[in-house]
Amino acid sequence: MTYALLLFGLSIALLALRVNLVVVLLVIGGYIHLVWGDAELLYVVEDMWIALDKEVLLSIPLFLICGAVMGRGAIAARLIEIMTALTAPLPGGMAIATVMTCAVFAAISGSSAVTLIAVGSIAYPALLAQGYDKRFSLGALASGGTLGVIIPPSIPMILYGIATETSIIDLFTAGILPGLLLMGLLAGYSLTVNRHLPRQSFSLPQLVGALRSGIWSMLMPVILLGGIYSGYFSPTESAAVALSYAVLVELFIHKELRLGDLRDVAIETAIMMGTIFPVLAIALSVNLLLTAHQAPAVLAEWIGGFITSKVTFLLAVNVLLLIVGCVMDMVSAILILAPVLLALGRVYGIDPVHLGIIMTVNLEIGLLTPPVGINLIVAMTAFREKFSLITRGVLPFIALMIVGLLIVSFVPALSLALLR
């Protein structure tokens with residue numbers, strides 16, 4: 001027990017000092033090797049290979065390339081046209097359209113940053129032109145972009161499924177209703193605070209024209225999610241289908257993409273995956289070692305002596321993850337904490353899929369909390385606005401998302417209803 005606590009404390013201390021995650025994981029692996037002494041270095045290397053020898057991992061670069069292709073093409077712009085035509089008569093119609101577009105785009109790309117950049121580059125100037133407050137617009141876009149990690153397909157859910165051996169299809173299914181709940185909260189707030197802005201009249205010809213030009217964009221999430229939930233596609237196959245569809249539509253129908261752009265997109269994605277895969281390999285190898293020596297189970301048993309109820313445990317987990325989201329990126333948090341939290345959750349009878357959704361929503365909020373809030377940094381770079389202004393803009397949205405988090409945490413049926 002003492003060794004497990006020392007290991008946990010060492011990990012937190014190194015991460016708090018902002019030590020590179022690969023170094024942290026290597027230190028943890030070396031610690032395990034020294035303490036327990038029966039894990040040969042060769043076995044650690046073999047575990048790294050086994051960790052990466054999973055077909056589902058191919059879906060991550062495929063979804064990232066797909067999102068980048070759509071961001072360079074016209075799919076995001078055409079989705080915004082459709083949503084704007086639908087929400088024109090509502091107060092804050094353009095803001096609501098922005099949130100809804102983020103949700104639809106998220107159902108294709110699986111990435112928060114890609115969603116924010118693709119939708120925000122078009123919606124931000126449009127919101128300002130229609131008289132929306134700059135701080136609100138930045139907050140709406142930064143928080144709307146986070147829907148990319150809870151609405152399936154979701155790259156963080158894929159990582160959680162791999163790290164905890166939980167069904168990725170089940171996680172995708174469980175994320176639908178929580179994702180719609182969060183979208184509804186963000187859209188409802190956008191409607192409430194923008195009642196003073198003039199409304200636009202509904203135009204059927206405008207809607208028909210937007211649907212005609214954007215029908216190929218709208219069909220994409222239908223094909224993608226329909227294939228996953230009908231059983232025709234695995235997560236990896238769905239990513240390949242999404243990428244193929246996006247390339248064909250952008251090259252030959254919208255004609256907004258050139259063949260030369262595909263080369264740039266592939267290079268950008270390769271660089272990104274070069275930072276993710278080494279971390280993934282080492283983290284999964286360490287997780288195998290920890291599991292073999294029952295470290296998560298020992299830690300769970302020890303913590304169980306202090307936390308006596310399921311409600312207290314859920315509150316403690318949410319507080320922990322909200323704090324972690326402020327100082328740790330999503331990939332690191334999932335790979336390090338998910339196996340431990342899974343062992344703890346079993347003690348209190350929490351479904352692994354439900355726990356995965358709780359963790360995803362928590363870390364989704366972490367994308368908006370400084371100092372490591374990725375969406376804050378992406379928005380600052382993309383829109384060339386001050387970090388402090390964007391941070392103030394997301395505060396009311398964070399409050400709404402915490403309300404959504406509590407609903408997701410204490411109403412498990414919201415996550416599990418579609419599975420049952």
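## Thr 391 in helix α20

Thr 391 counts as buried because its relative accessibility is 17%, below the 20% limit that defines the buried class. The residue belongs to helix α20. This and every other value in the report derives from a predicted model.

Once neighbours within four places in sequence are set aside, the contacts of Thr 391 are with Pro 370 and Leu 376. A further distance places Thr 391 relative to Ile 377: the two lie 14 residues apart along the chain, and their C-alpha atoms are separated by 9.8 Å.

## Overall architecture

The protein chain contains 21 helices and zero strands. Of its 420 residues, 55% are buried. Among contacts in the chain with a separation of 6 or more, 80% are between residues 24 or more positions apart.

The surface exposed by the protein chain amounts to about 17,500 Å². Carbon and sulfur atoms supply 68% of that area.

## Helix α8 and its surroundings

Helix α8 covers residues 134–145. Its twelve residues, at 1.5 Å a residue, should span 16 Å, and the end C-alpha atoms are 17 Å apart, which agrees. At the start of α8, the backbone nitrogen of Arg 135 has a side-chain oxygen of Asp 133 within 3.0 Å.

Ten of the twelve residues in α8 are buried, so the helix is largely enclosed by the rest of the structure. The buried set consists of Phe 136, Ser 137, Leu 138, Gly 139, Ala 140, Leu 141, Ala 142, Ser 143, Gly 144 and Gly 145. These buried residues pack against five helices: α6 (93–109), α7 (112–129), α11 (176–193), α19 (374–383) and α20 (387–410). Helix α20 is also the location of Thr 391.

## Salt bridges

Side chains of opposite charge can pair when their charged atoms come close. Two salt bridges are present in the structure. One of them joins Glu 385 to Lys 134, with the closest N and O atoms 3.5 Å apart. This pair connects distant parts of the chain, since Glu 385 sits in the loop between α19 and α20 while Lys 134 sits in helix α8, 251 residues apart. Glu 385 is classed as buried because its relative accessibility is 17%, whereas Lys 134, at 36%, is classed as partly exposed.

Arg 263 and Asp 264 form a salt bridge in which the closest N and O atoms are 3.6 Å apart. Arg 263 has a relative accessibility of 56% and therefore counts as exposed. Asp 264, with a relative accessible area of 29%, is partly exposed.

## Nonpolar surface patch

A nonpolar patch of about 720 Å² occurs on the surface. Its members are Ile 215, Trp 216, Leu 219, Val 222, Ile 223, Leu 248, Phe 252 and Ile 253. Helices α12 (204–230) and α13 (235–253) each contribute at least two residues to the patch. The largest share, five residues, is supplied by α12.

Leu 248, one of the patch residues, is located in helix α13. Its relative accessibility is 49%, so Leu 248 counts as partly exposed. The value falls under the 50% boundary above which a residue is called exposed.

## Buried polar residues in α10 and α18

Thr 173 is part of helix α10, which runs over residues 168–174. With a relative accessibility of 12%, Thr 173 is classed as buried. Beyond residues up to four places away in sequence, Thr 173 touches Tyr 229, Leu 418 and Leu 419.

Asn 362 occupies a position in helix α18, residues 352–366. Its relative accessible area is 0%, so Asn 362 is buried. Excluding residues up to four places away in sequence, the residues that Asn 362 touches are Asn 318, Leu 321, Leu 322 and Leu 405.

Methods. Residues numbered from 1 in each chain as written. Predicted model: local features only at pLDDT ≥ 70, side-chain atom pairs only at ≥ 80, totals over all residues. Heavy atoms only, no water. Patch = residues over 30% accessible without salt bridge, like charges linked within 9 Å, V, L, I, M, F, W, Y side chains within 5 Å. Areas by Shrake-Rupley, 256 points an atom, 1.4 Å probe, with all protein chains shown as cover. Salt bridge = Lys/Arg side-chain N within 4 Å of Asp/Glu carboxyl O. Helix = DSSP H or I, 4+ residues; strand = E, 2+ residues; numbered from the N terminus. Buried < 20%, exposed > 50% of the residue type's maximum accessible area, 1.4 Å probe, protein only. Expected span 1.5 Å × (residues − 1). Contact = heavy atoms within 4.5 Å. Polar contact = N/O pair within 3.5 Å; in protein donor to acceptor, adjacent residues only side chain to side chain.
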